[in-house]
Amino acid sequence: MESKPVLRGNVLMTVNPMGLKQEIQNQIDYVKSQGHYEGPKKVLVLGASSSYGLATRITTAFGAGADTIGVSYDKGPRSEKNLGTPGWYNNVFFRQAAEKEGLVAKNFVGDAFSQALKDDVVHYIKEEFGGKVDLVVYSLATGRRTDPETGETYHSAIKSIGQEVVGPNINLQKEELYEEVLEPASEEEIEATVKVMGGEDWYGWIKLLKEADVLAEGVQTVIYSYLGSDLNRSYYQDGTLGRAKADCDEKAEWINQELEYLGGKAQVVVATAVTTKASAVIPFFPIYCIALYKVMAERGTHETPIMHQDRIYRDMVYGNQAAYDDKGRLRPDLWELDPEVQAQTEALIKEITPDNFKTDLTAYDLLWHEFLNLNGFDVDGDDAQEAVSLDDLKALEA
Ligand code: NAI
């Protein structure tokens, strides 16, 4: 069975399972090459099956030796045409690798917003995971959320606020540059985006875990945010996603109050721009990325999710190199926001045209390679092309 990349717009529809297995191994190898660090021991990652959440799980497990619980929304293989989502395989291959090293790795595949899944996770922590967690990471990225209390479903809208934004974007399916027009969001769309991508559900999880008495003394909890710069302010920080991220800042304060009695801490981690399923569909963002990556790669500061997350936990959250801003947010994104990096990125963006965006002028090739890697294609070291059948894949256990 051979799988090839098939795209719909900026979404990769197909998956190469054995490439994902190799990609997980590559990330584990990266973390191991950095050595062991003293970190968390019992970790819950919400949104654990891809990019930032997966990288968090890998660094805490293979860097700090943590047992982990991963929650994600994924689908397994159904037919040769529908092999499921990459996250489903990431869960399986992560678990296999972790268990080989004697680590507990439990996967919950379902809706993290639902009460039923929350209850299942609490039950598992109490009965089988030693009773407490010492790190809770919130790394969900999604377009919809059903509030279990009201039954209402919210759909996020990645839009600007108060102004139309016009600019070049990349269609990865056609490998073409086109002019995108982003209409400003309505009040309802702003509110819905905050409901889906803001901090309410993070707060809900922590309250529930606290009430169930499954948070360890000194527990830490982290949520990932993005601020960006003036180059993407109009469609990110000043847009609907920016509102959602501001809501996370507020909820971090609430959570810090909840955790005071345990000496616990909630942190918003402002992470760097990376190639993920979620970021590929942010309007204009791919243009910013191919310019930014070019500049940062030349300076030796470009990072993939595993490099970034490993640095965050090893050096910052559990190390002594943490840099905070005046709102108490952790700022591993300072390499991206370096004024020289931003000035060079801005100059490069101005040079980009439909004819040259795929040339060496930009880091288009790097973005494309990282994008394909997300679904197991073009993975470094995946040369053997291990033959697998649909039955082999169906026999895998989540
Ligand atoms: P992603 O799309 O790669 O991963 C999202 C994860 O959430 C997946 O594991 C998915 O299965 C899970 N998920 C989605 N809906 C779910 C549900 N209802 N129940 C359970 N699991 C669900 O996203 P990415 O890019 O890793 O984003 C994670 C966080 O990092 C987001 O908050 C994002 O805003 C933030 N971030 C991303 C940056 C980027 O450049 N990609 C930069 C800075 C922050």
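**View 1. The annotated NAD(P)H binding span of the predicted model.** UniProt lists residues 4-78 as "domain: Trans-2-enoyl-CoA reductase-like NAD(P)H binding", in an unreviewed entry. The structure shown in this and the other views is a predicted model. Over residues 4-78 the chain is 41% helix and 20% strand. The C-alpha atoms at the ends of residues 4-78 are 17 Å apart.

**View 2. The annotated catalytic span, residues 83-318.** The name given by UniProt, again in an unreviewed entry, is "domain: Trans-2-enoyl-CoA reductase catalytic". Helix makes up 42% of residues 83-318, and strand makes up 20%. The end C-alpha atoms of this span lie 38 Å apart.

**View 3. Helix H6 against helix H7.** Two packed helices are described by the angle between their axes and the distance between the axes. For H6 (residues 200-211) and H7 (residues 240-259), the axes come within 9 Å and cross at roughly 10°. Angles under 35 degrees count as roughly parallel, and H6 is therefore roughly parallel to H7. On the H6 side, the contact is made by Glu200, Trp202, Tyr203, Ile206, Lys207 and Lys210. On the H7 side, the contact residues are Asp247, Cys248, Lys251, Ala252, Trp254, Ile255, Glu258 and Leu259. By class, the contact of H6 with H7 has 8 nonpolar, no polar and 6 charged residues.

**View 4. Alanine 244 in helix H7.** Is alanine 244 buried or exposed? Alanine 244 has a relative accessible area of 0%, so it counts as buried. Apart from neighbours within four places in sequence, alanine 244 is in contact with Thr193, Val194, Met197, Gly198 and Gly199. Glycine 84 is 160 residues from alanine 244 in sequence, and their C-alpha atoms are 29 Å apart in space.

**View 5. Helix H8 against helix H12.** H8 covers residues 285-299 and H12 covers residues 364-373. Their axes are 8 Å apart, and the helices pack at an angle of about 110°. Angles of 65 to 115 degrees count as roughly perpendicular, so H8 and H12 are described as roughly perpendicular to each other. Cys289, Ile290 and Tyr293 in H8 meet Tyr364, Leu366, Leu367 and Glu370 in H12. The residues of this contact divide into 6 nonpolar, no polar and 1 charged.

**View 6. The buried residues of helix H12.** How many of the 10 residues of H12 are buried? The number is 7, and H12 is mostly covered. The buried residues are Tyr364, Leu367, His369, Glu370, Phe371, Leu372 and Asn373. They pack against strand E1 (7-8), strand E2 (11-12), helix H1 (17-33), strand E9 (165-171) and H8.

**View 7. Cysteine 248 and cysteine 289, without a disulfide.** The structure holds 0 disulfides. Cysteine 248 is in no disulfide, and the nearest cysteine sulfur, in cysteine 289, is 20 Å away. Why is cysteine 289 not bonded to cysteine 248? The sulfur of cysteine 248 is the closest one to that of cysteine 289, but at 20 Å it is too far for a bond. A disulfide needs the two sulfur atoms within 2.5 Å. Cysteine 248 is buried, at a relative accessible area of 0%. Cysteine 289 is also buried, with a relative accessible area of 2%.

**View 8. Glutamate 175, a residue with a positive phi.** Most residues other than glycine have a negative phi. Glutamate 175 is not a glycine, yet its phi is positive, at about 50°. Where is glutamate 175 found? Glutamate 175 lies in the loop between E9 and strand E10 (176-182). Its relative accessibility is 27%, so glutamate 175 counts as partly exposed.

**View 9. Aspartate 378 and aspartate 383 in the loop after helix H12.** Aspartate 378 lies in the loop between H12 and helix H13 (390-394). Although aspartate 378 is not a glycine, it has a positive phi of about 60°. With a relative accessibility of 46%, aspartate 378 counts as partly exposed. Aspartate 383 is placed in the loop between H12 and H13. At 66% relative accessibility, aspartate 383 counts as exposed. The C-alpha atoms of aspartate 383 and glutamate 38 are separated by 35 Å, and the two residues are 345 residues apart along the chain.

Conventions:
Residues numbered from 1 in each chain as written. Predicted model: local features only at pLDDT ≥ 70, side-chain atom pairs only at ≥ 80, totals over all residues. Heavy atoms only, no water. UniProt positions renumbered as here; feature names shortened; annotations may be inferred. Helix = DSSP H or I, 4+ residues; strand = E, 2+ residues; numbered from the N terminus. Axes fitted to C-alpha atoms, helices over the stretch in contact; angles between N-to-C directions. Parallel < 35°, antiparallel > 145°, perpendicular 65-115°, else oblique. Contact = heavy atoms within 4.5 Å. Nonpolar A, V, L, I, M, F, W, Y, C, P; charged D, E, K, R; others polar. Buried < 20%, exposed > 50% of the residue type's maximum accessible area, 1.4 Å probe, protein only.
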